[in-house]
Amino acid sequence: MTAQSGLAIVSLRRAQMKVAGRVFLLLSALVMLAAWPASAQQMATIKRNGSDSLGGKENFRALLKERAVQFEAAQKRRLALLRYLSSISPSSADFNVTLQSIKELDTTISTLKQDMERISLLPSYSSGQPEAVSGRHGKDRAPRPTARPNSSSANSKKDVAVKYSGPLKGRADLSSASSAIIAPALACYPDAPPVVLTLLNDAATIIVDRARAGQSDPSDGATSLLNELIVYSLADAVLPADSTDRISLFNLKRIEVRAETKRTDKQVGASPTAGGNTSEVEKPNVPATLGAAVENGSVKQSVSGTSVTFSSSLYAVAAASKGDTATTYKNNEPLTRIGVSATFALENKDDVPANATRKQLEEWVVRARVSGDNSTRSEEFEEFWQEKIRPRIDRIPRALTGFLRSDFTKVSGLEDERRDLVDNRILTPLDAYLTTAGTNPDTRRITELIGCPLKTEWVDRVKSSDVAVSDETRNKVARAVQEIAASELEAGDTLKLINAKIDELNSRMITSLAYTNKRVAMGSDYSIVKLLLEKKMGKSSDWQMDANAGVSIYHKPDRTMNQQSIRDIIVALSLEGNAARSPFLTKDLDESQITYSFKGSYQRMLENRHVAGRKADIASAQFKLEIPIFTGVTLPFSLTYSNSTETSREDRFRANFGITFDADKLLRLRNTDSKDALAP
Amino acid sequence: MDQIRRAIYTVAASEKVIIEIEATKVGNFASFVLDGESQKPVKNNPLTYEFTISVGAGDTHFGMFQCFFPADAPDDANFQVFLQGSKGKTTKYTGSDIKKTDPIWRRGVEFRR
């Protein structure tokens, strides 16, 4: 939901153009000077928030390395304190003091982590994959891998081990910004490895989600993660204290590779010629999904000023009946190339679909993509994923299932113990609880129902040798932990591969042909045939160029109005990009960008030739700047010049400015702040 | 094959198990690992895997599904697992589902003899 409040719309004549132009240039210069070395602003933030013993050093790699060393030291200290805590009684004087120290260390670790992420986002730090940049057109920033200290002796030669901790910055995904690296502690398992706590939390989250959705067997969230929990907790029980294997276990973060690039080249709103539309250059791609109606999302609805556009694609018809599955997509790929839309005058704002009447029809459009499918659902991306990515992300499942199969056997006795633990100690009580809790189970209670038996009936029994674990099994679980740790280290590189492929797909030219049938209330209806091109450019697709070229043809030219068959020829070009993170933002997690665009068009209107008071050659140019001034609040500013309009030869210079509020973004950041405050 | 739970099944000796992973609103970015080995799909649309039970009585085959959602997949994108055995009950069972909004995109499954 976005509310716009225009403070002023000013139309200026030639005589006032100079003044407006000077004011605009001055404002732009001030903004650019303030914004451009965004790195200076970000470094100031780092110096404010983190201890900076390097003083004025500009070597970001050295700074990152220093933070990484501090990070590793803090984690080791935390591990040592956790071990000490597990060895003393909760009633002892040291217990609360130690607990407090651990909490303080958690804060320090979190701050250091944020510092490292900020450093890795600075323009002069080039070790990470270049990102697709966020902006008003929704091109999204792929999060950089963040640095973490190498804790394994096997990888001691690496300067900085890279880990991926989930999307934290930029774009619309601010709701997942607090990545829950440290899940809530469990009183019955106070010294649990962080990966165990995270997995317990994951299981509980999934169970609650499925229970609320009314799914049968919501406990699947636990059942399907229990074996992984059993392996990690077995490692906790058997790995020697102070061993590098144990340090590796306590550094595991349950990492998954999650890519973060979105495509933004679809135009859902009306074409540039529809009344009320603000975009001057059409975008070539077509929306791929359709459903039965606007309400179920199958037909997309876009309201712009005084018109509403409904759009869809031929693929949507197939997907509506067969389901939008990968199989349907593969079998109907050609249909994804054809998009249709219709724009209606918006007279009834209370019931938008009711405006879809013949009388209110302004135009309908058929768009056909000529270039290939460059989405992640394309055959090309799937083949890439199968060949290059799947072997990498399969490492953790291979390590876990291989160990389980080899050591949890009837012969070793561990398989019987495991089945008893899973079926009788964990799932039976969990089922009983979920039956009574209905659709509103408590996450905390669920983690206790899984985590407490895991501790008392498994970890403690293994430690006390009540469950016999051979030396061979102990060695194998250590190797499994190392394999998983190695896979986590690789996650950043895997993400780079994915993002590079997505960037490569996104950078390809998109070419489409569009046919528009224009209904004119007063005048002659006409058709427009256009070639649409889009190309993302720049190292991280931070520039985008859109170009259109087309010809309009009257259906029935009115000779009395000097109309011929060909109405006009039009070419349009736009360049859009992002400048930098707005320096006015105060929330560290908000990476909203200052964005700018240049748009120009030329139209040769044949019926205006030799007509007094009109021009046949119509040119216009627009410059637009959007500056986020607070989180969720943007200041758009635009200057438009046209030498004439279709009906008047008077040139026009217009300056628009206003304020835009994005309630969704404000809410997401408010929720993120709450999560951070609650994190232990 | 009998379904005890979505992620736990009892199987017979030499039984053939067929697993399908249906992707909705996302590409076929799912894989199946069994007992430490990545499995090759026998069919791609939908992703289909087959294997034969080879463990003895009292032992278990351990499997895991690992999924991936690119960011341009909508929030309601998901993978749904279906399983079917060749002996005993040959019902096509509904297994685990993995949604893009889940905190973890990995699920275990076990086949007990």
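Which residue's side chain does Asp568(A) meet in a salt bridge? Let's start there. This is a predicted model, and the exercises below walk through parts of it.

**Exercise 1. Find the salt-bridge partner of Asp568(A), then see what else that partner does.**

Step 1. The partner is Arg567(A), and the N to O distance is 2.5 Å.

Step 2. Check the cover: Asp568(A) and Arg567(A) are both buried.

Step 3. Now look for a ring. Arg567(A) also lies over the face of Tyr526(A), 4.1 Å from the ring centre.

**Exercise 2. Work out which parts of chain A the salt bridge between Lys501(A) and Glu380(A) ties together.**

Step 1. A bit of background: side chains of opposite charge can pair when their charged atoms come close.

Step 2. In this pair, the closest N and O atoms are 2.8 Å apart.

Step 3. Place the two ends. Lys501(A) belongs to helix H14 (residues 471–506) and Glu380(A) to helix H10 (residues 379–393), so the bridge ties together parts 121 residues apart in sequence.

Step 4. Sort the ends by cover, with buried meaning under 20%. Lys501(A), at 15% relative accessibility, is therefore buried, while Glu380(A) has 29% and is partly exposed.

Step 5. Try another pair. Lys455(A) and Asp460(A) form a salt bridge too, at 2.6 Å from N to O. Here Lys455(A) is buried, at 10%, and Asp460(A) is partly exposed, at 28%.

Step 6. For the wider view, there are 42 salt bridges over all chains. Some residues join up in a network: Asp209(A), Arg210(A), Asp97(B), Lys99(B), Asp102(B) and Arg107(B).

**Exercise 3. Describe how the rings of Phe51(B) and Phe111(B) are arranged.**

Step 1. You need two values here: a pair of aromatic rings is described by the distance of the centres and the angle of the planes.

Step 2. The structure has 24 aromatic pairs over all chains. For Phe51(B) and Phe111(B), the centres are 5.1 Å apart and the planes make 70°, an edge-to-face pair.

Step 3. Where do the rings come from? Phe51(B) is in strand E7 (residues 47–52) and Phe111(B) in strand E11 (residues 106–112) of chain B, so this pair links distant parts of the chain, 60 residues apart.

Step 4. As for cover, Phe51(B) is buried at 8%, and Phe111(B) is buried at 0%.

Step 5. Compare Phe68(B) and Trp105(B): with centres 6.4 Å apart and planes at 80°, this pair is edge-to-face. It links distant parts of chain B, 37 residues apart. Phe68(B) and Trp105(B) are both buried.

Step 6. Follow those two rings outwards. Phe68(B) and Trp105(B) are part of one aromatic cluster, whose members also include Phe381(A), Phe384(A), Trp385(A) and Phe29(B).

**Exercise 4. Lay out the five-stranded open sheet of chain B and name its edge strands.**

Step 1. Strands of a sheet pair through backbone hydrogen bonds, either parallel or antiparallel.

Step 2. The order here is E6-E7-E3-E9-E10, and the pairing is antiparallel.

Step 3. E6 and E10 are the edge strands, as each pairs on one side only.

Step 4. Zoom in on one edge. E6(B) and E7(B) pair over two bridges, and Asn44(B) stands opposite Leu47(B).

Step 5. Look at the loop between E6 (43–44) and E7, where Pro46(B) is found. A cis peptide bond joins Asn45(B) to Pro46(B), with omega about 0°.

**Exercise 5. Locate two residues that have a positive phi without being glycine.**

Step 1. Here's the usual pattern: most residues other than glycine have a negative phi, and most peptide bonds are trans.

Step 2. In chain A, pick His610(A), whose phi is about 60°. It sits in the loop between strand E12 (593–605) and strand E13 (617–630). His610(A) is exposed, at 83% relative accessibility.

Step 3. In chain B, pick Ser14(B), with phi near 60°. Ser14(B) lies in the loop between strand E2 (8–10) and strand E3 (16–24).

**Exercise 6. Decide whether helix H7 of chain A is mostly covered or uncovered.**

Step 1. Count the buried residues of H7 (residues 244–251): six of its eight.

Step 2. Name some of them: Ile247(A), Leu249(A) and Phe250(A) are among the buried ones.

Step 3. The helix is mostly covered.

Conventions:
Residues are numbered from 1 along each chain as its sequence is written. Chains are lettered from A and ligands numbered from 1 in the order in which they are written. Side-chain values use heavy atoms; hydrogens and water are left out. Rings of Phe, Tyr and Trp (its six-membered ring) pair if their centres lie within 6.5 Å; planes under 30 degrees apart count as stacked, over 60 as edge-to-face and the rest as tilted. Helices (H or I, at least four residues) and strands (E, at least two) are DSSP runs, numbered from the N terminus. Buried means under 20% relative accessible area, exposed over 50%, partly exposed in between (1.4 Å probe, protein chains only). A charge sits over a ring if NZ of Lys or CZ of Arg is within 6 Å of the ring centre and within 35 degrees of the ring normal. Two strands pair if DSSP finds at least two bridges between them. A salt bridge is a side-chain nitrogen of Lys or Arg within 4 Å of a carboxyl oxygen of Asp or Glu.
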